[in-house]
Structure formats: structure tokens, C-alpha cells
Amino acid sequence: MIEKLWYGKNRLYWLLLPFSWIYGLIACVRHRLYQMRILKSWRSPVPIVIIGNLSVGGNGKTPLVIALIEALTSKGLQVGIVSRGYGGKADNYPLLLNDNTTTEQAGDEPVLIYQRTKVPVAVAPNRSQAVQLLLKQHKLDVILTDDGLQHYALARDIEVVVVDGKRLFGNGWWMPAGPMRERANRLKSVDLIIINGDSVNNIAELYPSKTYTMQLAPLYAVNLLTQEKRELVNLHNICAIAGISNPQRFFTMLTTLKADVIKTTSFADHQKFTPALLANLVTNEQTLLMTEKDAVKCWQFALPNWWYLPIDAVLPIAAVDQICSLLANMKSSRE
């Protein structure tokens with residue numbers, strides 16, 4: 001129902017507009033208070049790069065974070081990651097991830113990022129505390145924050161916004177009538193705009209010097225139990241599942257890749273999986289295929305016919321170069 005209200009042609013969203021106006025008023029006043037320095041922001045001694053959204057979830061932010069980690073690391077920079085750790089509940093915060101950290105403690109995305117990149121990752125509802133823990137434990141050149149565009153208590157040096165190329169901003173309204181955390185005119189003040197996938201829109205025309213398009217490129221399928229890698233075409237009788245903000249994106253990708261999918265099942269974002277829940281979805285003769293974000297929650301009870309599909313974000317070199325140029329300018333100004 002929410003998808004139809006926000007991204008479809010259902011106009012009943014107007015019933016929620018009074019609540020959206022209240023949300024928008026609070027968001028705007030809060031942002032203005034930080035701009036006027038009535039509310040204080042904490043500034044890190046090393047540059048902070050925010051990778052966030054204007055709308056709610058499912059924009060491809062995590063693959064972009066991983067791509068930027070790899071790109072910046074390849075240029076010799078020591079990179080750290082900060083996240084709120086949504087969906088996790090640690091005994092104590094801030095929490096520095098290690099090989100034994102679970103998604104129950106740190107949330108899905110931070111664990112995924114740590115397992116893929118092995119760079120230092122810290123989570124805390126107060127992101128400033130997470131940054132301070134990282135700097136206490138590691139010598140870093142730059143810290144990326146996974147989400148947090150609206151977390152103004154942490155001062156930022158570079159803002160990168162990810163936009164879903166197909167869904168864009170839906171009906172354009174603040175939550176709950178629409179998907180927006182901030183209105184689209186916020187794009188004027190950010191440093192880079194990354195469009196996830198091809199899109200027919202005027203964003204690139206409005207902001208030509210800072211708008212880039214990224215593509216999500218699926219890799220080989222990986223077995224959860226053995227870590228064996230196979231081409232997707234070599235998996236058969238696939239029962240695909242997705243517990244992400246936009247499950248249909250994953251299923252559409254499988255269709256485009258001509259995967260042998262016989263059934264799809266959607267779950268809520270950050271769904272907690274159990275052996276019983278997944279075992280009932282597939283027989284021994286079938287293949288259970290999931291997203292990498294779902295896989296990090298299933299390692300401990302995986303079965304031999306369970307696989308996941310890692311996704312890479314392919315970025316234009318110019319986008320990475322622009323971020324590096326901004327970082328270099330900051331380093332010069334601080335010296």
C-alpha cells in the first residue's frame with residue numbers, strides 16, 4: 001500500500017499530508033538551527049564523507065559505500081566507516097566490528113560492509129561517538145558514513161546523495177505522505193549526486209558538474225555454506241528471496257539476467273531470518289538465492305543449496321576523482 005501511495009498513482013496520500021507538513025516543518029527548523037549553530041555539531045579532525053539519501057531506503061547506498069571504500073583504498077587512503085547500525089542492538093555503544101560481530105549486534109549493512117572490505121567499521125546511534133572510537137583505534141585519512149545525511153549533529157565535509165534512477169522521489173512529499181526525508185531542492189547544497197541506474201530525469205541537467213550515474217553489476221553466485229562460486233546461469237530451480245527496501249529491484253535483475261527463477265518471496269527490510277522460516281521456502285532439489293544483505297544474517301544455519309548474489313557498484317572514474325580532489329583541497333587547507 002505504501003509503495004502505491006508513494007510511487008504509484010494512488011492519490012490517497014493527500015490524507016496524510018497534514019502529518020507530512022508537521023514532519024517537514026520539524027525537519028526544516030531543525031536543519032536551520034544547526035545552520036545557525038544554535039544546535040551544535042561535532043567536527044572530526046579527519047574529513048567526513050556522508051553517503052545518504054533524500055528518500056527512504058532502497059537506493060543502492062551500501063554498494064556505493066563499498067565501491068568508494070575500494071576506490072579510495074586503491075589510492076592509498078586509510079578509510080574508516082561509521083553507521084548508525086539500524087536493526088542491531090549492542091550491549092554497549094559505540095561498537096567496533098570484528099570477525100565475530102553479528103547482525104543482531106551491529107545491523108545488516110555494517111556487517112556486510114565489514115565482511116566485504118575489512119576496513120574499520122564502528123556503529124552507534126550517536127555517530128560522533130563512533131567516529132571518535134575509530135580515531136582512537138586507527139590512523140585514518142577519511143571516514144565515510146553509511147547514511148546520516150540528516151544526522152546534523154556530526155559535521156560533514158563532503159555530502160554524496162544517492163538517487164534511485166527509476167523511482168526517483170516518488171510523489172515528492174515528506175513522510176508519511178511520501179518517501180522524502182528532505183525535499184528535492186536539498187540537492188542544490190550537496191557535493192555529488194549519484195543516480196543509481198539509467199533514468200529519464202532532469203537532475204543531470206540541473207546539476208551537470210556534480211551528477212554521475214552508477215550501475216549495479218551482479219557478480220557470481222556464492223554458496224553460503226562452502227563459499228563455492230558459480231555463474232548464475234549454472235543455478236537451476238531458483239527460489240529467490242529478498243528482505244530489502246526494494247525487493248523488486250533484485251527480482252527484476254534476476255529476470256534480466258535470465259536466471260532460472262521459479263518463485264520469488266519478498267520480506268520486510270531488515271527481516272530477521274530463522275532456519276524454519278527459510279527451510280519451508282525451498283526443497284532439496286531447488287536453489288534458495290538471496291541478496292548479500294540477507295546472507296550475512298544466515299551464515300550460522302545455512303544449508304548446502306543456499307546461495308547469494310553479491311552486487312558491485314560501477315562508478316565513473318570522474319566521480320571518484322572529484323571526491324579525491326575535494327579531499328586533497330581539504331588536506332591543503334588544514335595544513
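Biologist: Where is the place of N237?
Modeller: In this predicted model, N237 sits in the loop that runs between β10 (229–230) and β11 (238–242).

Biologist: Why is N237 called partly exposed?
Modeller: Its relative accessible area is 33%. Buried needs under 20%, and exposed needs over 50%. The value of N237 falls in between, so N237 is partly exposed.

Biologist: What is the phi of N237?
Modeller: Phi of N237 is near 50 degrees. That is a positive value, and N237 is a residue other than glycine. Most residues other than glycine have a negative phi.

Biologist: Which phi does D147 have?
Modeller: D147 has a positive phi of about 75 degrees, and D147 is not a glycine either. D147 lies in the loop between β5 (142–146) and β6.

Biologist: Is D147 buried or exposed, and how do you know?
Modeller: D147 has 17% relative accessibility. The cut-off for buried is under 20%. The value passes that test, so D147 counts as buried.

Biologist: What makes the peptide bond from Y93 to P94 cis?
Modeller: Look at omega, which is near 0 degrees for the bond from Y93 to P94. P94 is in the loop between β2 (79–83) and β3 (95–96). A cis bond also joins M175 and P176, with omega about 0 degrees. P176 is in the loop between β6 and β7. As a general rule, most peptide bonds are trans.

Biologist: How many aromatic pairs does a search of the whole structure find?
Modeller: The search finds six aromatic pairs. One of them is W21 with W173.

Biologist: Why do the rings of W21 and W173 count as a pair, and of which kind?
Modeller: Their centres are 6.4 Å apart. A pair needs centres within 6.5 Å, so W21 and W173 pass. Next come the planes, which stand at 65 degrees. An angle over 60 counts as edge-to-face, so that is the name for this pair.

Biologist: What does the pair of W21 and W173 tie together?
Modeller: W21 lies in helix α2 (residues 17–35). W173 lies in the loop between β6 (158–164) and β7 (192–196). The pair therefore ties together parts that are 152 residues apart in sequence.

Biologist: How do you know whether W21 is buried or exposed?
Modeller: W21 has 48% relative accessibility. Exposed needs over 50% and buried needs under 20%. W21 meets neither cut-off, so W21 counts as partly exposed.

Biologist: What makes F301 and W306 an aromatic pair?
Modeller: The distance is 6.1 Å centre to centre, and the cut-off is within 6.5 Å. The angle between the planes is 85 degrees. That is over 60, so the pair is edge-to-face. Both F301 and W306 are buried.

Biologist: Where does R183 lie?
Modeller: R183 lies over the face of W173, at 5.0 Å from the ring centre. R183 also lies over the face of W174, at 4.9 Å from that ring centre. The distance cut-off for a charge over a ring is within 6 Å.

Biologist: How many disulfides does a search of the whole structure find?
Modeller: The search finds zero disulfides.

Biologist: How do you know that C298 is in no disulfide?
Modeller: The nearest cysteine sulfur belongs to C239, and that sulfur is 15 Å away. A disulfide needs two sulfur atoms within 2.5 Å, so C298 fails the test.

Biologist: Why is C298 called buried?
Modeller: C298 has 0% relative accessibility. That is under 20%, so C298 counts as buried. C28 has a relative accessible area of 45%, so C28 is partly exposed.

Biologist: Which class does I38 belong to, buried or exposed?
Modeller: I38 has a relative accessible area of 52%. That is over 50%, so I38 is exposed. I38 is in the loop between α2 and β1 (48–52).

Biologist: How much space lies in the second largest pocket?
Modeller: The second largest pocket holds about 450 Å³. It is lined by 18 residues, and those closest to its centre are K166, G197, R249, T252 and M253.

Biologist: What gives the most to the lining of the second largest pocket?
Modeller: Helix α8 does, with five residues. By class, the lining has five nonpolar, eight polar and five charged residues.

Technical notes. Residues are numbered from 1 along each chain as its sequence is written. This is a predicted model: local features need pLDDT of at least 70, side-chain atom pairs count only at pLDDT 80 or more; totals for chains, interfaces and linings use all residues. Side-chain values use heavy atoms; hydrogens and water are left out. Rings of Phe, Tyr and Trp (its six-membered ring) pair if their centres lie within 6.5 Å; planes under 30 degrees apart count as stacked, over 60 as edge-to-face and the rest as tilted. Helices (H or I, at least four residues) and strands (E, at least two) are DSSP runs, numbered from the N terminus. Buried means under 20% relative accessible area, exposed over 50%, partly exposed in between (1.4 Å probe, protein chains only). A charge sits over a ring if NZ of Lys or CZ of Arg is within 6 Å of the ring centre and within 35 degrees of the ring normal. On a 1 Å grid over the protein atoms alone, a cavity is a set of points where a 1.4 Å probe fits but cannot get out, and a pocket is an open set with protein on both sides within 12 Å along at least five of seven lines; lining residues have an atom within 4 Å of a point. Grid points are joined across faces, edges and corners, and a volume is the space filled by probe spheres set on the points. Ala, Val, Leu, Ile, Met, Phe, Trp, Tyr, Cys and Pro count as nonpolar, Asp, Glu, Lys and Arg as charged, and the others, Gly among them, as polar.
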